[in-house]
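Reader: Could we go through the cysteines and the charged pairs of this model? Please start with the cysteines.

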Amino acid sequence: MIVVAGEALIDLVPQGAGALVGLQPALGGGPYNTAVALGRLGSPTAFCSRVSSDAFGEALLNGLREAGVDVSSVQRGTEPTTLAVASIGADGSASYSFYVEGTADRLFTAPAQLPDETKAVSFGTCSLVLEPGASAYEELMRTAAARGVFTTLDPNIRAGLIPDADAYRARFKSWLPSVALLKLSEEDALWLGGTPREWLASGPAAVVITQGGDGLTAFTRDGSAHSVPGAEVEVVDTIGAGDTVNAALLHGLAARDALSPAALADLGPEGWTDLLRFAARAAAITCSRAGAEPPYASELNV
């Protein structure tokens, strides 16, 4: 079982150009997209979050169920669902503004325990910024790591939600001893400061950096770097691409029985290249269609 911990929200995606164009609601949130992608790939997956009991919340849970994701660890609340208004650039890249005050997901509390069969827990995005939920997710991360559970982190920076950048950067560094695999975009890396080598020295067994259409690079503690190019595709938008990479990496590692720091160290050049190529292919499919629509296993021949 792979547990994905973090927010579920509704993306409002523009259906054309201009500030007053119509907005199409879509299921979203970085962790939510990761969970759906894992489910579609066929990995046993559970979602750990707090979701509104409003109509959007029901739609979010239905999307998880349709992907085969276990929702028994999802907390419910009467507060509204978080909204993210997307803006799509000429190159298909997405930026967001958020409506988060008093919403259900940020009131998450850490569960007493994870499912007994949990092999990995994935964290990231807004859930590690918005209090009081951020502290609860942080607690869950530290507890899981202390128990030997494989942990992954995708900070997926949303700068507009971070009131004190320096405080967040310090907090990010404090998480690294509890992280086995760190994945982030090159834009996130630039915003956070530091280098993969510095981050590796603080705890992670591997750091994967996504470079958009230029591909992915994995850095490991032995000083190696493994890179693959991006898979060529006509980009509609990039919504959910990084989340798909998270899922593909976890799915691929689980298939290799490599959900441990020691196993990451033993992957070697061929293993890393195969894993990164798989993640690049999966992300390309997501980019080829509107919104966060990650691929199914059948589309990747797995």
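Author: Cys126 is buried, at a relative accessible area of 4%. Buried stands for under 20% relative accessible area, exposed for over 50% and partly exposed for what lies in between, with a 1.4 Å probe and protein chains only. The model is predicted, so local features need pLDDT of at least 70 and side-chain atom pairs count only at pLDDT 80 or more, while totals for chains, interfaces and linings use all residues. Residues are numbered from 1 along each chain as its sequence is written, and side-chain values use heavy atoms, with hydrogens and water left out.

Reader: Why is Cys126 too far for a bond with the closest cysteine sulfur?

Author: The closest cysteine sulfur, in Cys48, lies 16 Å from the sulfur of Cys126. A disulfide is a pair of cysteine sulfur atoms within 2.5 Å.

Reader: And what about Cys287: which cysteine sulfur is nearest?

Author: That of Cys126, 19 Å away, and Cys287 is in no disulfide. Cys287 is buried, with 10% relative accessibility.

Reader: How many disulfides does the structure hold?

Author: The structure holds zero.

Reader: Let us change topic. How many salt bridges are there by the rule?

Author: The count comes to 10. The rule asks for a side-chain nitrogen of Lys or Arg within 4 Å of a carboxyl oxygen of Asp or Glu.

Reader: Which residue does the side chain of Arg50 meet in a salt bridge?

Author: Its partner is Glu79, at 2.7 Å from N to O. Arg50 belongs to strand 5 (residues 50–52) and Glu79 to the loop between strand 6 (75–77) and strand 7 (83–88), so the salt bridge ties together parts 29 residues apart in sequence. Strands are DSSP runs of E with at least two residues, helices are runs of H or I with at least four, and both are numbered from the N terminus.

Reader: Is Arg50 buried or exposed?

Author: Arg50 is buried, at 12% relative accessibility.

Reader: What does Glu138 pair with?

Author: Glu138 forms a salt bridge with Arg171, at 2.7 Å from N to O. Glu138 sits in helix 3 (residues 133–146) and Arg171 in helix 4 (residues 165–175), so parts 33 residues apart in sequence are tied together. Glu138 is buried at 16% relative accessible area, whereas Arg171 is partly exposed at 21% relative accessibility.

Reader: Which residues are joined into one network with them?

Author: Salt bridges with shared partners join Glu131, Glu138, Arg142 and Arg171 into one network.
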